[in-house]
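This report goes through strands, a helix and aromatic rings in turn. Please keep the sequence and the structure in view while reading.

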Amino acid sequence: MRTFIFTAIAASVLAACGQQQTSEAQSETSVAEPEQQSQTAQQPDLEGSAFNPNYRDYLETISADEFAGREPSTEGEEKVVSFIENHFKEWGLKPYNSETGSYRQSVPLVKIMPYQVSDMTFSGENAPDTMKYRTEMMAWTMQVTDEVAVENSDMVFVGYGIVAPEYNWNDYEGLDVEGKTVVMFVNDPGYATQDPELFNGNAMTYYGRWTYKFEEAARQGAAGAIIIHETGPAGYGWGVVASGSPVRYDLKKENNNMDRAKVEGWMTLDSAQDLFAQLDMSVDEARQMALSEDFEAMPLNVQANVSIKNKFEELSAYNVVGYIEGSKYPQEHVIYMAHHDHLGTDPVREDDPIYNGAQDNATGTAGLLALAEKFSQQPQPERSIVFLAVGAEESGLLGSKWYAEEPMLPLSQAVGGINMDLMNVYGPVKDMVVIGYGNSEMDQYLKPYIEEQDRYLAPNPTPEAGFFYRSDHFSLAKKGVPMLYAEGGNDHITKGKEWTEEQRAKYVAEAYHKPADEYDPNWDLRGAQQDMSAFFKLGWQLANSRDWPQWADGNEFEAARKATEEERN
C-alpha cells in the first residue's frame, strides 16, 4: 500500500464529514440478506470477531516471518499465493482457469536496473548549468534496452502536460514534440487555482498524477519528459523522489516499452528557476502562462542531453483469483480486491531483515479471505462475486494493471469493486474514510450499511494529493469500473480523533515500509470487523440486484464506463 498512511496524518481535519454527496443513487432494490452478526460503534463485539472470527488468524499467518515479506517472484510470494489458493479451493470457489483448475494468473514483469545515469547537460545560448543526478534532477527509462540517450533534444514547456477533452483543456494542441523533451508542472490547474469550477478544484484528478504526464508525453512522441517538482502539488518532498531506489518494475511487453519516452524524470524547483531564468522568466510567471486560456507551449531555446545505462531481469508474479458463480447473471460480477505482496527482505540489515507488511497489506489480504469464506457459506448470489488477490502492487500496481488487461470476466460486466488496502487495527471508530469521496455512486451504496453501525462516511482530508490513484482499484477504474476505496476511519468511539491520529502518525514514522510493520496480538480488530461487515452487505446487495453504479458526472473515468454501456443492456 503506497498511500493511505499520508491521509491519516491529516486526520484531524475530518470534520468535513457533512459534505454533500454527489449522488443519491442508493438502490431501492430489496433482497433477502444472509444471516450475519451485526454491531454498532456504541456496542461493538467485545471479542472483535463479529463478522469472521478467523480474520485474526489469517492476518497473523500472512504477516509471519516465514512468508519473508512476500516479495514478487520469491519463495515468500509462493507461500502467500499457496495459502490463498488453498483456502479458495477449500471453500469451493471456482478457479481463475477452469481448464487447469488453477487459481493463479501469471503476471509477466521486467525489472529495470539503471547502473549509470549521467547528469543533465544543456546546449544553446544562455544554457543553464549542468543539473546533477539525484540532487538536482532524477532520470530513468522504462524502455527495456541496454542504453538510452537524448542528445541535443529541444526543450519545450508544455504547461501541465494535459490533454483532457472533458475539461476543454489541451496543452499539446497544434504542437509537434517528436524527439523533443517536454517540461511540465505536477498536479493540475484545479489545484493551482483552487477554483472548484476548474478540473476538480483542490482535489487532484488523474491528469495531475505524474504517471499520467509521462503517459501523455509518450503518446505525443516526446523523447524526454521532465516534471518540475514542488512539494505542495506533488504531495511529498524532493527526498521521496531522489532518495528511493532507482530500480523500476513494469509489465513485460512485446515492444519492450519502446513506445515510452526515452527518458522520464523530475527536476527540482531551483533547477526549473534556472531553466526559465535564461528566458528572463520565473517559475511563477511560467505557471500563470500555463493557467491562461490562450496558453501555447513555449520553446525553452535550449537542448537537453542525458544518458542511462541499464541492466534488466524478467520475472513473474502472481495474482490469485477465485469466484462464486452467479445463478442468473454469471458474467455480471462484483469484485473484492487486495494486494498480497510487500517488500521482501533486506540482507544488509542485521537486526531485522524482514519487511513483514502486517498492516500493509496482510490486513487487506486477510480481509479478502474473511469475505470469501463468509460468502462461500451463503446462498448462491444472482451475479458472480470475484475475489482478486493481486501481486506486485508495491512495484507499481502491476498485478492489478495486468488483470485489467487480461480479466477473467469482461470488465464491461463488472458491477463495481471494493479495494482493501491497510485496514483498521485501532478499534471501533465512528467514521469511515472514503478515498475519492464523491467519485462514484459506490459511496451512496455503502452509506446505509455504515449508518446501520451508527457511523458516518468522511472524505479523505487531503484530496489534492491524489491518493485515489495510488492503489490497485485505480487499474480497474481506468477501465471504467466504479471502484470503492474506503478505509477504517479516525474518530475512535472512546479515545477520539487525536488518539487515532497519533497512532497512525506513529505507524508512518516507525513502521510504514519498514521491518517494524509486524503483527501485534494486541491489535483491536473490532473496527476491521465492522468494515468487513459493511463491505459484505454492499457486495451482497449489488450481487442480487439489477443495479449498475455510475461514476459522478464529469469524472475522468465516466467516458470509459459509457463506452461499454451497450454491453450491459
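Two strands are said to pair if DSSP finds at least two bridges between them. The model described here is a predicted one.

**Strand β11 and its partners**

By that rule, strand β4 (residues 137-140) pairs with β11: four bridges join them, and the two strands run antiparallel. Strand β9 (residues 224-228) is joined to β11 by five bridges, and here the strands run parallel. Residue M267 of β11 appears in both pairings: M137 stands opposite M267, and M267 is also the bridge partner of I228.

How many residues of strand β11 (residues 263-267) are buried? Five of the five are, so the strand is largely enclosed by the rest of the structure. Both of its faces are covered, with V263, G265 and M267 buried on one side and E264 and W266 buried on the other.

**Strand β14 and its partners**

Strand β14 (residues 383-390) is mostly covered as well, since eight of its eight residues are buried. The table gives two strands that pair with β14.

| Strand | Bridges to β14 | Direction | Bridge pair |
|---|---|---|---|
| β12 (residues 298-324) | five bridges | antiparallel | Y323 and V386 |
| β13 (residues 329-339) | eight bridges | parallel | I335 and V386 |

V386 of β14 is thus a bridge partner of Y323 and also of I335.

Strand β13, helix α10 (residues 358-376) and β14 together make a right-handed β-α-β unit. The loop between β13 and α10 holds N356. Is N356 buried or exposed? Its relative accessibility is 2%, and because buried means under 20%, N356 counts as buried. N356 and I62 are 294 residues apart along the chain, yet their C-alpha atoms are separated by 8.5 Å.

**Helix α14**

Helix α14 (residues 496-510) has 15 residues. From its first C-alpha to its last it reaches 22 Å, close to the 21 Å expected at 1.5 Å a residue. Which residues of α14 are buried? They are G496, T500, R504, Y507 and V508. These residues cover an arc of only 150 degrees around the axis, which puts them on the same side of α14. On the other side of the helix, E498 and A509 are exposed.

**Aromatic rings**

Two rings of Phe, Tyr or Trp count as a pair if their centres lie within 6.5 Å. By this rule the count comes to 35 aromatic pairs. One of them is formed by F468 and Y469, an edge-to-face pair at 5.7 Å centre to centre with 85 degrees between the planes. Both F468 and Y469 are buried. Another pair is W551 and F557: the ring centres are 5.1 Å apart and the planes are at 50 degrees, so this pair is tilted. W551 and F557 are both buried too.

Ring pairs also link residues into a cluster, made up of Y167, W169, F199, Y206, Y207, Y212, F468, Y469, F474, W551 and F557.

Charged side chains meet rings as well. The charged end of R546 sits over the ring of Y329, at 3.7 Å from the ring centre. R568 lies over the face of W548, and here the distance to the ring centre is 5.8 Å.

Conventions:
Residues numbered from 1 in each chain as written. Predicted model: local features only at pLDDT ≥ 70, side-chain atom pairs only at ≥ 80, totals over all residues. Heavy atoms only, no water. Phe/Tyr/Trp six-rings, centres within 6.5 Å; stacked < 30°, edge-to-face > 60°. Buried < 20%, exposed > 50% of the residue type's maximum accessible area, 1.4 Å probe, protein only. Lys NZ or Arg CZ within 6 Å of the ring centre and 35° of its normal. Expected span 1.5 Å × (residues − 1). Arc of directions from axis to C-beta. Right-handed = clockwise from strand over helix to strand, strands pointing away.
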